[in-house]
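Here's a quick walk through one chain, from ring contacts to strands to the core. Have the viewer open and follow along.

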Amino acid sequence: MLIKKSAVIPSSEITPRSLYLNRRKFLAGAAVAGAVAAVGSRLDELATPSLTVDADAKIDGVKKSPLSTTEKITPYKDVTNYNNYYEFSTDKYEPAGLAKDFKTRPWTVTIDGLVSKKQVLDVGTIIKMAAPEERIYRHRCVEGWSIVVPWVGFSLSELIKRAQPLGKAKFVEFTTVYDPKQMPGQQGRVLDWPYVEGLRLDEANHPLALLCFGMYGEALPNQDGAPLRIVVPWKYGFKSAKAIVRIRFSDSQPLNTWNKMAPNEYGFYSNVNPNVDHPRWSQAKERRLGEFLKRPTLMFNGYDQVASLYSGMDLKKNF
Ligand SMILES: Nc1nc2c(c(=O)[nH]1)N[C@H]1C(S)=C(S)[C@@H](COP(=O)(O)O)O[C@H]1N2
Ligand SMILES: [Mo]
């Protein structure tokens, strides 16, 4: 992803180290009542009270999803020690250590823009909105590596329907927390902070699009985007924003951070597409972390069921 400096790692050089850091200790702060500014009925009234996901707890009652792949799951130690998370570092091995003490409670998410139910929600309320599912998804980084992860969450559409977007709303924008004291990468200007991503509303409502708060049956590790991220498995990894604090609905296409940084390299859509090369490398193949031989990359990362979202669109122009 990186444009400057030396952090562009050709996919041929990706050999994940078998670093085995201690599982980070979550800093589970006290539950927060949350500054819920609500007019009329609220999203949080619809939460099911049974589920508790403390930052250090196993997540119970997780249902298996028919949307899961049956491919081999990538080892936990690889998924949690090889991360793109520029708020912490441009190095992929460093976020695990640097994010260890990151505070994910209290945490609120602002829902605003073109919705009937604008409000500020505590993350604990959000994760109780719908039944948690395990979704084993392929995840393809634009840099040529891929992983298979058992995420825990529920369809983003569950939150969207409770927010009640207005008819004018056509896009959803996701903003990552800005907290340079806790996130050393934000002390520099490697990206234009905060990190912003966006989806078209119909993409965000696709059943595959996941609002994610766990993986491997546990709360999400900090380096993987705790306490709340999205996972959009048919798109390159950078679309799946971590540590979300704001979800805004709009009538115009959000300017996502990477598109702003390098518009000729990273588009708004960024669907996984083996036929459209990155200007500096091919996207035809990928290396699964922990494996030696590369495998072919599939259109939409193999998630053909999203193709109808793009019918009539030139996916070379809308890369
Ligand atoms: N806030 C934020 N979200 C982010 C990123 C980032 O740097 N900051 N990196 C993206 C990229 S490029 C990838 S490949 C995935 C990596 O997710 P993982 O570390 O859980 O595998 O996170 C995405 N989400
Ligand atoms: Mo990525």
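## Charges over rings

Start with Lys 239: its charged end is placed over the ring of Phe 268, 4.3 Å from the ring centre. Keep in mind that this is a predicted model. There's another case at Tyr 303, where Arg 138 lies over the face of the ring, 4.5 Å from its centre.

Phe 268 also has aromatic company. Together with Phe 171, Tyr 269, Phe 300 and Tyr 310, Phe 268 makes up one aromatic cluster.

## Aromatic pairs

How many aromatic pairs does the structure hold? The count is 15. One of them is Tyr 76 with Tyr 216: the ring planes sit at 85 degrees, with the centres 5.1 Å apart, so this pair is edge-to-face. It's a link between distant parts of the chain, as the two tyrosines are 140 residues apart. Tyr 76 belongs to helix H1, while Tyr 216 is in the loop between strand E8 (210–215) and strand E9 (218–219). Is Tyr 76 buried or exposed? With a relative accessible area of 13%, Tyr 76 is buried, because the cut-off for that label is under 20%.

Trp 258 and Tyr 266 make an edge-to-face pair too, with 70 degrees between the planes and 5.1 Å from centre to centre. Both of these residues are buried.

## Ser 68 and Arg 135

Now look at the loop between strand E1 (63–64) and helix H1 (76–79), which is where you'll find Ser 68. Ser 68 has a relative accessible area of 21%, so it counts as partly exposed. Along the chain, Ser 68 and Glu 134 are 66 residues apart, yet their C-alpha atoms are separated by 7.8 Å. Leaving out residues up to four places away in sequence, Ser 68 touches Glu 134, Arg 135 and Ile 136. With Ile 136 there's a polar link: a polar atom of the Ser 68 side chain lies 2.8 Å from the backbone nitrogen of Ile 136.

Arg 135 itself is in strand E4 (residues 133–140). Which label does Arg 135 get, buried or exposed? It's buried, at 2% relative accessibility. The Arg 135 side chain makes a polar contact of 2.8 Å with the side chain of Glu 133. Beyond four places in sequence, Arg 135 touches a list of residues including Ser 65, Ser 68, Trp 151, Phe 154, Pro 207 and Leu 210.

## Strand E2 and its partners

Strand E2 (residues 108–113) runs antiparallel to strand E3 (residues 119–122), and four bridges join them. The two form a hairpin with five residues between them. If you want a register marker, Thr 110 has Val 120 as its bridge partner in E3.

E2 also pairs with strand E11 (residues 244–250), this time in the parallel sense and over four bridges. Here Asp 112 is matched with Arg 248 in E11.

## The nonpolar core

In soluble globular proteins, nonpolar side chains tend to be buried together. The largest nonpolar core here has 83 residues. Which of them touch the most other members? Those are Ile 111, Trp 151, Leu 156, Phe 174, Trp 234, Ile 247 and Phe 249. Strand E5 (residues 145–155) gives the most to this core, with six residues.

Phe 249 is a handy one to click on. Apart from neighbours within four places in sequence, its contacts include Ile 111, Asp 112, Val 115, Ile 160, Phe 171 and Leu 201.

Definitions and conventions
Residues numbered from 1 in each chain as written. Chains lettered and ligands numbered in written order. Predicted model: local features only at pLDDT ≥ 70, side-chain atom pairs only at ≥ 80, totals over all residues. Heavy atoms only, no water. Buried < 20%, exposed > 50% of the residue type's maximum accessible area, 1.4 Å probe, protein only. Contact = heavy atoms within 4.5 Å. Polar contact = N/O pair within 3.5 Å; in protein donor to acceptor, adjacent residues only side chain to side chain. Pairing = 2+ DSSP bridges. Phe/Tyr/Trp six-rings, centres within 6.5 Å; stacked < 30°, edge-to-face > 60°. Lys NZ or Arg CZ within 6 Å of the ring centre and 35° of its normal. Core = buried A, V, L, I, M, F, W, Y, C linked by side-chain atoms within 4.5 Å.
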